Amino acid sequence: MSTRREFLTYASLAALLTPLGRGALAADTADHPSAFSFEDLIEQAQADALKPYTYPSTASATLLARLDYATHGQIHFKPERALFANGPGKFPVTFFHLGSFFRTPVRMYALDNGIAREIVYDPAHFDMPGDSPAHALPRNSGFAGFRIQESRLGNQAKRAWQRNDWVAFLGASYFRAIGELYQYGLSARAIALDVAQAGKAEEFPDFTHIWFEPPKNEHANAMTLYARLDGPSICGAYRFLIHRTQGVVMDIDCTFFLRRSVSRLGIAPVTSMFWFSETAKRTAADWRPEVHDSDGLGLWTGNGERIWRPLNNPPRTMVSAFTDHQPKGFGLLQRDRNFDHYLDGVNYQRRPSLWVEPLGDWGKGSVQLMENGTDDEIHDNIVAMWVPSAPAEAGNRYSLRYRLHWLAQEPYASPLAVCLATRLGNGGQPGQPRPVGVRKFVVEFQGAPLEKLAPGVKPEAVISCSRGELSQVFTEAVPDGIAGHWRAQFDLTVGGKDPVELRLFLRLDGQPLSETWLYQYHPFNSESTAIGTPSTADTGNRP
């Protein structure tokens with residue numbers, strides 16, 4: 001996606017803005033400005049949630065269909081027309097053109113002391129070939145989305161890959177940010193409605209309107225924006241305070257209302273891709289050792305337990321629920337940062353981890369992990385989200401706050417040893433016939449508590465399984481000379497096709513030394529975790 005983006009910069013606010021009337025939420029363009037406040041946006045969402053949903057109008061479907069990947073890639077934003085390019089603030093805002101993959105227009109507004117003015121689409125803001133179908137798109141057709149560029153201050157001294165955008169909102173309510181390793185990867189979105197819910201199609205509401213608040217001064221490292229969310233089952237208001245830190249941190253304040261009941265309401269959903277890792281893959285399925293944007297789900301529960309759940313590529317769609325009360329955080333993480341484990345120029349080793357930190361009391365519910373089978377890296381087949389335990393019924397109001405950390409690892413490091421790798425192989429003893437139906441597991445940990453072990457002292461592996469028999473259990477230091485690097489090994493004997501839930505942690509003298517490793521093992525898929533195929537309801541895909 002980054003290779004298809006060019007910068008749309010801003011030279012004169014008057015050239016881009018048209019006065020906006022009282023019908024701001026209907027995208028009217030009247031002859032006078034409109035007052036704006038977040039409180040008014042919430043009130044408008046509440047009122048509109050009582051009305052039938054109206055599908056947004058779009059430009060000609062025939063015209064947009066002609067703006068395919070190749071044609072759309074020839075459209076370049078003019079670098080002199082970005083919002084805030086000449087101040088205030090140091091982060092210009094640029095806009096995406098509509099096209100065959102992004103047909104729903106988003107209305108954009110600039111705020112000035114509580115007054116909103118619409119940023120009007122005009123083909124003249126883009127460089128495009130003379131025969132491009134985009135020339136026929138009418139003025140004020142809206143944009144597909146936007147992105148925030150890196151600081152224009154001191155850019156000449158930065159590497160080329162540090163001069164690109166660092167936040168992008170594009171498609172439904174999806175948005176992404178780079179981490180501290182300057183790479184896009186997984187996505188977040190405003191809400192998830194009926195993900196992998198039997199008998200119901202997943203719903204993808206849209207950010208239909210965006211308001212940009214000018215930065216307070218030239219050197220501000222944060223931007224504030226507001227978004228209206230709308231869909232057949234939901235209407236809401238979101239405020240984003242976005243900080244450009246070591247990575248990117250977003251403080252999100254949202255209030256939304258349900259037009260109709262939802263079977264599975266996913267709050268703060270995170271979407272990623274996992275094809276295969278070091279755990280297992282089909283022979284010659286791909287030339288690379290590993291392919292994934294994220295390799296595990298991290299959990300920090302309300303009672304303080306640290307959990308690591310390696311991701312799976314299952315033979316069918318699976319949803320796992322981790323019940324909790326007032327969770328401290330969860331996220332999809334990319335822990336493996338070794339280039340040699342990927343050998344690919346798309347920089348999987350630099351993909352960000354995304355950690356969700358609840359702010360305030362989220363009550364009772366569960367972190368739910370949806371894993372969908374895939375046979376390629378083009379599908380987003382993983383979703384993690386918080387699902388409240390109370391029914392999500394029509395008329396419900398939700399007001400929540402949370403923080404998103406786009407970093408290399410989780411923002412609050414565990415004092416315990418963490419899981420580095422999960423490896424599967426044939427069970428039994430080396431050099432002897434391998435028994436049928438026995439799988440060997442090797443789980444690696446590393447961290448300060450293991451570095452402090454006295455010579456000759458071994459940690460205990462505490463293991464349990466939902467079914468089957470465990471044997472050949474032992475721990476040993478990994479012979480690589482790295483302090484505190486240990487592995488636990490065990491064999492699992494199990495029959496049938498039902499998944500097996502495994503749990504493991506290391507301890508000494510009754511005290512935990514490591515986080516808790518959880519794993520869902522599929523016996524009938526034991527030769528590989530990479531043989532799944534995309535479901536017809538590929539719920540992880542962005543619209």
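How many disulfides does the count come to in this structure? The count comes to zero disulfides, where a disulfide is a pair of cysteine sulfur atoms within 2.5 Å. Two cysteines can still be described by their surroundings: Cys235 counts as buried because its relative accessibility is 0%, whereas Cys465, with a relative accessible area of 24%, is partly exposed. Here buried means under 20% relative accessible area, exposed means over 50%, and partly exposed lies in between, with a 1.4 Å probe and protein chains only.

This is a predicted model, in which local features need pLDDT of at least 70 and side-chain atom pairs count only at pLDDT 80 or more, while totals for chains, interfaces and linings use all residues. Residues are numbered from 1 along each chain as its sequence is written, and side-chain values use heavy atoms, with hydrogens and water left out.

**A covered strand and its partners**

Strand β23 (residues 329-333) is mostly covered, since five of its five residues are buried. On one side of β23 lie Gly329, Gly331 and Leu333, and on the other Phe330 and Leu332, all of them buried. Strands are DSSP runs of E with at least two residues, numbered from the N terminus, and two strands pair if DSSP finds at least two bridges between them. The pairings of β23 are set out below.

| Partner of β23 | Bridges and sense | Residue pair |
|---|---|---|
| β20 (residues 296-300) | five bridges, antiparallel | Gly298 with Gly331 |
| β24 (residues 353-359) | three bridges, antiparallel | Trp355 with Gly331 |

**Cavities**

The structure holds six cavities of 30 Å³ or more, and the largest cavity has a volume of about 90 Å³. A cavity is a set of points, on a 1 Å grid over the protein atoms alone, where a 1.4 Å probe fits but cannot get out, and lining residues have an atom within 4 Å of a point. A volume is the space filled by probe spheres set on the points.

Of the 13 residues that line the largest cavity, Glu278, Asp295, Trp308, Pro310 and Thr422 are the closest to its centre. Two or more lining residues come from each of β21 (306-310) and β28 (418-426), and β28 gives the most, with four residues. By type, the lining divides into seven nonpolar, three polar and three charged residues. At least three lining residues are drawn from each of domain 1 (4-407) and domain 2 (418-521), with bounds that come from an automatic or database domain assignment.

Notes: On a 1 Å grid over the protein atoms alone, a cavity is a set of points where a 1.4 Å probe fits but cannot get out, and a pocket is an open set with protein on both sides within 12 Å along at least five of seven lines; lining residues have an atom within 4 Å of a point. Ala, Val, Leu, Ile, Met, Phe, Trp, Tyr, Cys and Pro count as nonpolar, Asp, Glu, Lys and Arg as charged, and the others, Gly among them, as polar.
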